[in-house]
Structure formats: structure tokens, C-alpha cells
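Visitor: I would like to go through this entry one point at a time. Please keep the answers short and show the reasoning.

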Amino acid sequence: MITIEHLKKTFKKNKVEAVKDVSLEIFDGQIFALLGPNGAGKTTTMRMLSTLLTPTSGKIFFDGKELGENEEKIRSRIAFLTNEIRLDGQFTPDELADYYGGLYEMTSEKINERRDELFEYFGISEFRKRRYDTFSTGMKQKTSLAICLLHDPDTIIFDEPTNGLDILTQQLIESYLLKLKEEGKCIILSTHILDLVGRMADRVGIIVDGRSVFCGTVSELAPSQGVETIDQAFIKLYKENHEEKAIIGRHGKE
Amino acid sequence: MRGVGKIFHHEMKKIIKEKSLLFGFILLPVLTLFITVGISLLQPKTSGESVETYSIFFYGIDVESYNIGSLDDKQIWLQAVEEEPSEFICSEEFHKSDVLVDFSDLTHVTIYYHASNTISSYLKMSAESFVRESFDMSYKTQKRGEIFRSVELMDINEKDTSNRMIAMLLPYMLILPLTANIANFASDTIAGDKARGTFYQVMLSPVPPLSLIMGKIFSVSLISLFSSGIYIGLDVIGSKICEKAGVEDVFGFAGVSVTVGQVLLILLYAVLLCYLFSNLGVLISLFCKDANQAQTAQIPVTLLCTLASMMSMFRFGTSPLQHYLIPVYNICLIFQDLLNARAKMGNMAMVAISLLVLSVAVLILTLVSYKNEKVRT
């Protein structure tokens, strides 16, 4: 379980408050969708969750343990995948699995076992001896996902995981996320595809202008706003909470 | 230091697999070999023809310069010098055909000459006769026969001044490829990884920052040192080619005469220097968005280091203690001292410690910077 309390992030360089006040509760065995318009602070929040960025204030707890004190231990239980993260193009999926498995102190047997399972699932097995930089976008994303999940993490953070992928790859990734959910993993998704939220997520958090404005189950979202669909609820929450000031030059890509 | 070996191993494999990086450390030295050998072969043969006069230099007594005759249609001059004999015999003014008579201790006169050079050996005999005749005269006139006067003949080749050319050039020849290679490899190892998006995946792993940074520094150091070794090794091969062709190579390796101890000490200081440069390269690279930006940011460092090594080329004799406190320049002085067999233990220790202290300081700065938002976004 992940608890986020009054998270705030102000970038020192340009004094931009990317995240002003975000509080969320994310449970194991569920898919949590993080929603928000571009520049709302979703990626910055996810980067703080994955330990890439340090919060200016506020706290993040993983199973009751505060992030700041146990960063290295918590990192070994997290997987974070965004479109910006790539793998070394000179290496084959096999070599990459050996390297990243080693960084997570996995034994050779464990690496082989997980590699065979993930490569088989994502259809990488026949390309395991080919260089990563010769792969198509979809194959690269699948390989990144397999390598990212190699250490069998408890928490999986995905920033727009199916962005730019064909429908077959999207379905493959979605079904794997559902499999992980059944295994009791905690999955956090950032997406703009509200249809995906309706189909897959159990709970949803909405961030507008760096503040969390909703955190609850997907089924609660529309009724809580007095509307019928998730889309309508999202738009209503956005209009009610959006500061009129134009968000220009916000730090962090959304 | 958990994971440092894995990072190091991965980085080494990455460099070896990257053909564009391999160009920098294998193909360029080979091209340099062709250029240096080519230039050397174009040089006029230097078997004494360039010397227009022969000289017998005197140190310790005041004599007017005068012509005492000629040999092979070239004039022989007697000249007084003010420079210390140990420095003068290493200078460009003192040719292989010349002789230096050191009168600084009148009870023990030393004649420096090149035993391998016929002219120098002939002039040595003349100088020796001159000294003995002068002393005989002095003995007869001043009645100071009870003082023992000896004449020592010192073969300069045996005194190991043959390394003067390489001592002058080695700092420059080592520092230039070293800084250039480190700028190249260090830029790619972090800034290049950031641009490709591969750095974040490692940052997200449980490997401690110190291991990550050290793994990268070690790989940059080793590959840069190896590459610089190729440069120097190929130049030595080039010099041998030139020697066989009957010309002196432009880099002056032909006269190298070093002991295993000297080589090991030079290697030790090269390793220390390489480690410092790698630390610096990685620190700069950490703040850059891509390899090109990092390489541009490292140009001033490369230029400053090259300048320091070039300044050391025009230094003869011993340097004051404070010169050994100037970073980079001090290691150039140590390289020269080691090759000229005049290195002092105190100076060597001071330079080694200063290099280590600087490296640790840069490493600490790198670790602090690793947490910086600019590095992580």
C-alpha cells in the first residue's frame, strides 16, 4: 500500500510549483489510474514515487515505511516505465536481462526463470539474441517492459504505457497488467485514455494544477460529481479546480 | 560498493560494442602513427650535418670565447657557460659533438662528452690535455702540488641524459590523448545515456549512487588509459621505423632508455591522473543533456590541461617547490623528473597526494550533484 500525504514539489531552478498538494491512497492488488490534464503534475508525482525526484515537502509511505529513509530498499521493489526510459541499444534482450537482473542482485537461476517467462509472454523469445536498437517501437516497448518487470516488483508505475503502440501490443500489455493485479501487485497508471481507466482501473486519482482533487474508486467518480460518465466527471472537476492563470513553461513533461 | 563491478563490466562492453567510440581509441592512434612517421621521414637526416661549429664549453672559470682551430672544415670554439653542468648537458645548445669541462671543483675536474661520437671523443682528449697542462703549470708556478687534482671523464650516454627529448614530450603526448579520450568517453557514459534515456533505468535500480558513479569512472579511466597507451606504443613503433630508415623521429623516442621502475612509476602517475580527469569528466557530463553538450563543456578542461603540459615542455633543470603544487603542471614535472632520473621522493609524494585529494573532492562533488534536480529531470 502506498500513502501520499500533502506532496509538494517546487523546482529550484525556475521556482515552478509542479506539485502543490497531492494526497493519495493506493492499495495492493488494484490498478490505480492517475488522471489530469497536460501540465497538472502527474509525471512529477510519479517521478517522486519512483525516487527519481525528492519532494520539497510532504511524505510518501510504502507499506508504512517512509520513502526518504529506505530509498534503496524501496527502489528494489519498484518498477517505473515511461516512454522516456530506454535500454542500451547495443545489447540484446538476453544481455540486458543479465545486466539489470544483476543490478537487482538476482541469482542466475532467478534471472533465467523470469526472463523465459516474460520473453515468452511478450513474444521476445525469438529476438532475444538481436540488438535492441534493431527493434520496432512496439518491440522496444515490450522489451523495456519485460526488463523493467524482471525483478518481480511489488509496485509498478507506468506513465502512459500504451502510448503510440498498435492495438495488439496495447492488448498484450493491458492483459499483463491485469495478471499482475491478480497477483496482488500495486499498479499505478498515468494515462489520458479515459476508456482505459473505465476498463481496467479500480481506483482513480485526479490532479488539477498540482493539487489532488479526487481520490476514490472508479465507480464513485461519476456519482460523486452528479454526472453519468467518467469523462463528464473529469471535465467537471477540471473546470471547478483549474486556476485561470495560464500554465506556461511548467517544468516536467506531461 | 555493491554493483560497481556490474556497472563497470557493462560500460566496458558498451564502449567495445560502440563502433563510433572505437574509432577514437584505435583508428585515430593508427592515423597518428602514419602522420608522425611520415613527418619524420620527410625530415633531413640529422647525423651531424646540421652542426656548424664544434665547442668545448667551460664551466666555473671565466674565459673569453675564441676559436682554437678547425676540424673537418668546421671551427672549434672555446666558450664559457653559466648554466649548471647537469642542466647544460640536457639543453639544446649542447650537441653530441661537443664537450663540457666542469671547473666548479678545482680538485676534481669533470669532462662531459659523448663516447659514441668521434668528434666529441676527439675534443675530450684535447680538453683533457688542456686541463692537465694547465694544472701542471699551476703546480709549477703556485707550488700547490700537495693538492690532489684528478680529471674525471663522464660519458653523457652513461649518465642517462638520452631521455631528455622524451621527457620534454611525454607530458604533452600523454595528456593530450588522455584528456581528449576522457572527454569523449565520459560525455557518452552519462550525458549520452541521459539523451538516450538509458540513464534513468540504472538510477531506478537499487545500486547505490557511489557504485554507479565509480563503475562509470573506472570504465572511462581504463579505456582512456588503454587508448593513450596505444598512442604512445604506436609512436614508439614509429620511432623504430624511423631509426631503421636512418632518421630521428619527430617525437624523439629513438633515444629512450628507461628502467622498469621508471616505467612503473610513470604508469602509476598516469593512472592517478587518468582517475582525476575521469572524475572531472563524469562530473561535467552529469549536468549535460547530451554527449555533444558534454564534449563542448569539457573543451576548456582539455585546453587548460594541454596548455599546462605544453608549458612544461620548455622547462629545463629543476623547478621550485611551489611549481609542484600546480595541478596537472605538477604531474608533468614528475614525468620529466622520473625520465631525467632526478625525481625527489618528497615531490613525488606531494604530487600523488594532491592528485588523490583532488580526485576525492571531485568525487564528493559528483555524488552531491547526483541528487541535483538538473541531473534527474
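Visitor: In which loop of chain A is Asp209(A) found?

Guide: This is a predicted model, so what follows is computed from its atoms. Asp209(A) has a phi near 50°, a positive value in a residue other than glycine. The loop that holds Asp209(A) is the one between β9 (203–208) and β10 (211–217) of chain A.

Visitor: Is Asp209(A) buried or exposed?

Guide: Buried means under 20% relative accessible area. The value for Asp209(A) is 2%, so this residue counts as buried.

Visitor: Which loop of chain A contains Asp152(A), and what is its relative accessibility?

Guide: Asp152(A) also is not a glycine and has a positive phi, of about 55°. Its place is the loop between α5 (137–148) and β7 (155–159) of chain A. Asp152(A) counts as partly exposed, the relative accessibility being 30%.

Visitor: What is the strand order of the open sheet in chain B?

Guide: The sheet has 6 strands, and their pairing is mixed. The twist from one strand to the next averages 20°. The order is β2-β3-β1-β4-β5-β6.

Visitor: Which strands of chain B stand at the edges of that sheet?

Guide: An edge strand here has a single partner strand, so one side of it is left without a neighbour in the sheet. Two strands of chain B fit that description: β2 (66–71) and β6 (150–155).

Visitor: In which sense do β5(B) and β6(B) pair, and over how many bridges?

Guide: Strands of a sheet pair through backbone hydrogen bonds, either parallel or antiparallel. Between β5(B), residues 108–113, and β6(B), Val109(B) stands opposite Val151(B), and His108(B) has Ser150(B) as its bridge partner. The sense is parallel, over 6 bridges.

Visitor: In which sense does β4(B) pair with β5(B)?

Guide: A hairpin of 5 residues joins β4(B) to β5(B). Val101(B) has Ile111(B) in β5(B) as its bridge partner. Strand β4(B), residues 99–102, pairs with β5(B) over 3 bridges, and the sense is antiparallel.

Visitor: How many residues of β5(B) are buried?

Guide: The strand is largely enclosed by the rest of the structure, because most of its residues fall in the buried class: 5 of the 6.

Visitor: Which helices of chain B each supply at least two residues of the lining of the second largest cavity?

Guide: The whole structure has 5 cavities of 30 Å³ or more, and the second largest holds about 60 Å³ of space. Its lining includes Thr179(B), Ile182(B), Phe277(B), Leu280(B), Gln298(B) and Val301(B). The helices that each supply at least two lining residues are α5 (164–196), α8 (260–286) and α9 (291–313) of chain B.

Visitor: How do the lining residues of that cavity divide into nonpolar, polar and charged?

Guide: Ala183(B), Gly281(B) and Thr302(B) are also among the residues of this lining. Gly counts as polar in this scheme. The division is 5 nonpolar, 4 polar and no charged.

Visitor: How many disulfides are counted over all chains?

Guide: A disulfide needs two cysteine sulfur atoms within 2.5 Å. The sulfur of Cys148(A) is 14 Å from the closest one, in Cys186(A), too far for a bond. For Cys215(A), the nearest cysteine sulfur is also that of Cys186(A), 12 Å away. The count over all chains is 0.

Visitor: What relative accessible area does Cys215(A) have?

Guide: Cys148(A) is buried at 2%. Cys215(A) is partly exposed, and its relative accessible area is 32%.

How values were computed: Residues are numbered from 1 along each chain as its sequence is written. Chains are lettered from A and ligands numbered from 1 in the order in which they are written. This is a predicted model: local features need pLDDT of at least 70, side-chain atom pairs count only at pLDDT 80 or more; totals for chains, interfaces and linings use all residues. Side-chain values use heavy atoms; hydrogens and water are left out. Two strands pair if DSSP finds at least two bridges between them. Helices (H or I, at least four residues) and strands (E, at least two) are DSSP runs, numbered from the N terminus. Axes are lines fitted to C-alpha atoms, for helices over the stretch in contact, and angles run from 0 to 180 degrees between N-to-C directions. Buried means under 20% relative accessible area, exposed over 50%, partly exposed in between (1.4 Å probe, protein chains only). On a 1 Å grid over the protein atoms alone, a cavity is a set of points where a 1.4 Å probe fits but cannot get out, and a pocket is an open set with protein on both sides within 12 Å along at least five of seven lines; lining residues have an atom within 4 Å of a point. Grid points are joined across faces, edges and corners, and a volume is the space filled by probe spheres set on the points.
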